[in-house]
Amino acid sequence: MILDWKKRMRKVLFKTSDKKLPLEQTDEKALTAQDNLSNSLQENISALKSIYSKCPDVIFRTFLIGNSQKAVLIYIEGLSNIEEMDKNVLSALINLESENWLDYSVLENLPVSNIKQVNKIQDVINQISTGNPVVLIDQHSQGVTLGLAKWEKRSIEEPSAESVVRGPRDGFTETLSVNISLLRRKLKSPDLKMFSMNIGRYSQTQVVVMYIDGLVDQTLLEEINNRLSRIDVDGILESGYIEEFIEDYPFSPFPQVLNTERPDVSSANLLEGRVVILVDGTPFTIIAPITFYSLFQAAEDYYQRFLMGTLVRWLRYAFLLIALLLPSTYVAILTFHQEMVPTTLLISVAKSREEIPFPALIEALIMEVTFEALREAGLRLPKQIGSAVSIVGALVIGQAAVSAGLVSAPMVMVVAITGIASFSIPRYNAAIAIRMLRFPIMFMAGTIGLLGIMLSLITIIIHLSTIRSFGVPYLGPMAPMKGNEMKDVLIRAPWWSLKKRPRLTGSGNTNRQSYGQKPGPAQEDEQEMNKT
């Protein structure tokens, strides 16, 4: 009886006994989106209004062309340039003399730069969603899209996460056309090619793949096209979605593609035969393929003198080892290998730890987790107070922990040095990978000492040796060894010596510059030029 009463009440309240739900009606009418436009303007308007039901921001502006021909202008409020529509479209068509309305080509003569014809309702939907108004005319089965998209966009600014002392100050924005123009501005050659596709059932996000014809390997382009084409998901809101779908080893902590907000970094990688993937709605572009050493190369390395660039690169590799191994080494030595520490230093450390109730491993874990929590809190808080909270919090908590006898002062120093070293890694996703690996290595060090650290390093190196990024060995050009490409790995050779670009997946145009570029006497360059 109770179930029957509930069913009757549901019928009374929602009236679902004899009528279909609004969602079911919408799904049934959505099937007509794949149909061609009809000759009847009223049928086209009815079909589009049913698709855009409960969408008050979609405007259907009906009017007469030359006071005789029925037409409708469809656009989304806030995505289209209403001033240009009033001035160059509606005013021109409404005031058109009736005897001049002879054929459909009058729309193609409107003072609008980008005009295209559409035949399907789905094409009309795509154009309207992009911000381009669509004009439909009675007795015509074709529509015309007008390139009058206009929406609010952020101005070009320097990327906060990739700032440089010397170098360009512009960065990508969330607008795809602006990002493409930034790359076109730096690479003015017509060999800069691209192809685009829409990904996402609901978002229909435009994704553009850019490359330089003649430098990129065609096999790489086909592979990227295949990986992008097989993505079938509800929506793409950021380039990170694309990154997870196209990477080779999804369970590896190391990133297999590069993301950047800098047009100069993207242009430099295009000149090396790589591919840049731009996603509408995000300033982060994807670069593929990459190697492990790409994660430790910063844009400023190539703007300063090569001696300074080489020194800074060595420091980064040293900080990489510190960020990965310093806490583990400290735990292993204090737990198993005290004989490795000088007597004076060992006595000092032992004195600082005499009242600590935890072993070195637990002490390191407490400090590392606390430091990571402070760093994450600093990122999530507003910029005005985020840095202050993270710095003050680290000082206060560290001092309080030492005073309370929970951790020792040397451990606080080790964790602080480790954190500073991790900040020196140019790529945020690479720094996260190092932070993740630090914890299992600490467990191995606290369990079997330095042997655990060596086993962990061997495991990481074996893993890196098996990874490929779109067919490129992750440790290349060091493993496998390519001597002529080592000039931009451990060192940053001067520009005049970088005659060859790295050979990635194919054997395209590898000549980066002509011979004889070395300033001053260039006997070696002349000899090489004569040989060729």
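**Exercise 1. The chain as a whole**

What share of the contacts in the chain with a separation of 6 or more comes from residues 24 or more positions apart? State also how many residues are buried as a percentage, and what the exposed surface is made of.

Solution. The model is a predicted one.
- Step 1: residues 24 or more positions apart supply 65% of the contacts with a separation of 6 or more.
- Step 2: the chain has 532 residues, and 43% of them are buried.
- Step 3: about 28700 Å² is exposed, with 59% of that area coming from carbon and sulfur atoms.
- Step 4: the secondary structure consists of 17 helices and 12 strands.

**Exercise 2. The sides of helix α4**

Determine which residues of α4 (residues 82-94) are buried, and why they count as lying on the same side of the helix.

Solution.
- Step 1: list the buried residues, which are M85, N88, V89, L90 and L93.
- Step 2: these residues span an arc of only 160 degrees around the axis, so they share one side of α4.
- Step 3: recall that an α-helix has 3.6 residues a turn, so residues three or four places apart point the same way.
- Step 4: look at the face turned away from the buried side, where the exposed residues E83 and K87 are found.
- Step 5: identify the cover over the buried residues; it includes β1 (58-65), β2 (69-76), β4 (134-137) and β5 (143-146).
- Step 6: at the start of α4, find the side-chain oxygen of N81, which comes to within 3.3 Å of the backbone nitrogen of E83.

**Exercise 3. The nonpolar cores**

Describe the largest nonpolar core and find which element gives the most to it.

Solution.
- Step 1: the largest nonpolar core contains 48 residues, and F254, F292 and L464 have the most contacts inside it.
- Step 2: elements giving two or more residues to this core include β7 (205-212), α10 (306-336), α15 (428-448) and α16 (450-466).
- Step 3: the most is given by α15, with seven residues.
- Step 4: leaving aside residues up to four places away in sequence, L464 touches F254, F292, Y474 and L475.
- Step 5: a second core, separate from this one, has 21 residues, among them L221, I224, I277 and I286.

**Exercise 4. A serine in a loop**

Is S497 buried or exposed, and what does its side chain reach?

Solution.
- Step 1: place S497 in the loop between β12 (472-473) and α17 (523-531).
- Step 2: the relative accessibility of S497 is 11%; the cut-off for buried is under 20%, so S497 is buried.
- Step 3: the side chain of S497 reaches the backbone oxygen of P494 at 2.8 Å.

Methods: Residues are numbered from 1 along each chain as its sequence is written. This is a predicted model: local features need pLDDT of at least 70, side-chain atom pairs count only at pLDDT 80 or more; totals for chains, interfaces and linings use all residues. Side-chain values use heavy atoms; hydrogens and water are left out. Helices (H or I, at least four residues) and strands (E, at least two) are DSSP runs, numbered from the N terminus. Buried means under 20% relative accessible area, exposed over 50%, partly exposed in between (1.4 Å probe, protein chains only). A polar contact is a pair of N or O atoms within 3.5 Å; within protein, one must be able to donate a hydrogen and the other to accept it, and residues adjacent in sequence count only if both atoms are side-chain atoms. A nonpolar core is a set of buried Ala, Val, Leu, Ile, Met, Phe, Trp, Tyr and Cys residues joined through side-chain atoms within 4.5 Å. Contact means heavy atoms within 4.5 Å. Accessible areas come from the Shrake-Rupley method with a 1.4 Å probe; for residues, only the protein chains shown count as cover. The arc is that of the directions from the helix axis to the C-beta atoms.
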